[in-house]
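Student: I would like a close look at one residue and its surroundings. Please start there and work outward.

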Amino acid sequence: MAQLMKQAQKMQQQLAAAQEQLAAAEVTGTAGGGMVTATMTGSGELTAIEISPQAVDPDDVETLQDLVVAAVRDANRAAGELTQQTMGPLAGAAGGLGLPGF
């Protein structure tokens, strides 16, 4: 039982370290050939949107709106992939401990 508790404690420390790593990491998503770029942390917090002046057309605001949404979705996809890469091994190890919910 003591060994299981040690393993669980180690797993908890690894999980906390992985969460810190994700919060510090940045990913970007782009749309419109790079005319709109969204930056977010690995934990999914949107931190910046960059819009190229060429993307701004006062007569076509809908396209710009679509590009912003697409860039944010692309960044979110990248954050999800980073989360899977970072947390995936930990989830597999937790299952090996027989812990419910992992």
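Student: Leaving aside its neighbours within four places in sequence, which residues is Thr 86 in contact with?

Tutor: Thr 86 is in contact with Ala 18, Gln 21 and Leu 22 (contact means heavy atoms within 4.5 Å). Keep in mind that this is a predicted model: local features need pLDDT of at least 70, side-chain atom pairs count only at pLDDT 80 or more, and totals for chains, interfaces and linings use all residues. Residues are numbered from 1 along each chain as its sequence is written, and side-chain values use heavy atoms, with hydrogens and water left out.

Thr 86 is found in helix α2 (helices are DSSP runs of H or I, at least four residues; strands are runs of E, at least two; both are numbered from the N terminus). Its relative accessible area is 14%. That makes Thr 86 buried, because buried means under 20%, exposed over 50% and partly exposed in between (1.4 Å probe, protein chains only).

Stay on helix α2. Arg 77 and Asp 74 form a salt bridge at 2.7 Å, N to O (a side-chain nitrogen of Lys or Arg within 4 Å of a carboxyl oxygen of Asp or Glu). The two residues are three apart in helix α2, so about one helical turn separates them. Arg 77 also meets Glu 81 in a salt bridge, at 2.9 Å, N to O. Arg 77 and Glu 81 are four residues apart in helix α2, again about one turn. Shared partners join Asp 74, Arg 77 and Glu 81 into one network. Arg 77 is partly exposed at 42% relative accessibility. Glu 81 is partly exposed too, with a relative accessible area of 42%. The structure holds two salt bridges.

Now the interior. The largest nonpolar core has 18 residues (buried Ala, Val, Leu, Ile, Met, Phe, Trp, Tyr and Cys joined through side-chain atoms within 4.5 Å). Two or more residues each come from α1 (2-24), β1 (26-31), β2 (36-41) and α2 (61-96). The largest share, nine residues, is from α2. Val 27 and Val 36 have the most contacts inside this core. Not counting residues up to four places away in sequence, Val 36 touches Ile 49, Ile 51, Leu 64, Leu 67 and Val 68, among others.

Ile 51 leads back to the surface. It lies in strand β3 (residues 46-51). Ile 51 counts as partly exposed, at 38% relative accessibility. Together with Leu 46, Ile 49 and Val 56, Ile 51 makes a nonpolar surface patch of about 310 Å². Patches use residues with over 30% relative accessible area and no salt bridge; like charges are joined within 9 Å, nonpolar side chains (Val, Leu, Ile, Met, Phe, Trp, Tyr) within 5 Å.

Finally, the whole chain. The protein has two helices and three strands, in the order α-β-β-β-α along the sequence. Buried residues make up 26% of its 102 residues. Among contacts between residues at least 6 apart in sequence, 49% join residues at least 24 apart. The accessible surface comes to about 6,700 Å² (Shrake-Rupley method, 1.4 Å probe; for residues, only the protein chains shown count as cover). Carbon and sulfur atoms account for 54% of that surface. An unreviewed UniProt entry places a "coiled-coil region" at residues 1-28. Over residues 1-28 the model is 82% helix and 11% strand, with the end C-alpha atoms 44 Å apart.

Notes
UniProt positions are given in the numbering used here, feature names are shortened, and annotations may be inferred rather than shown by experiment.
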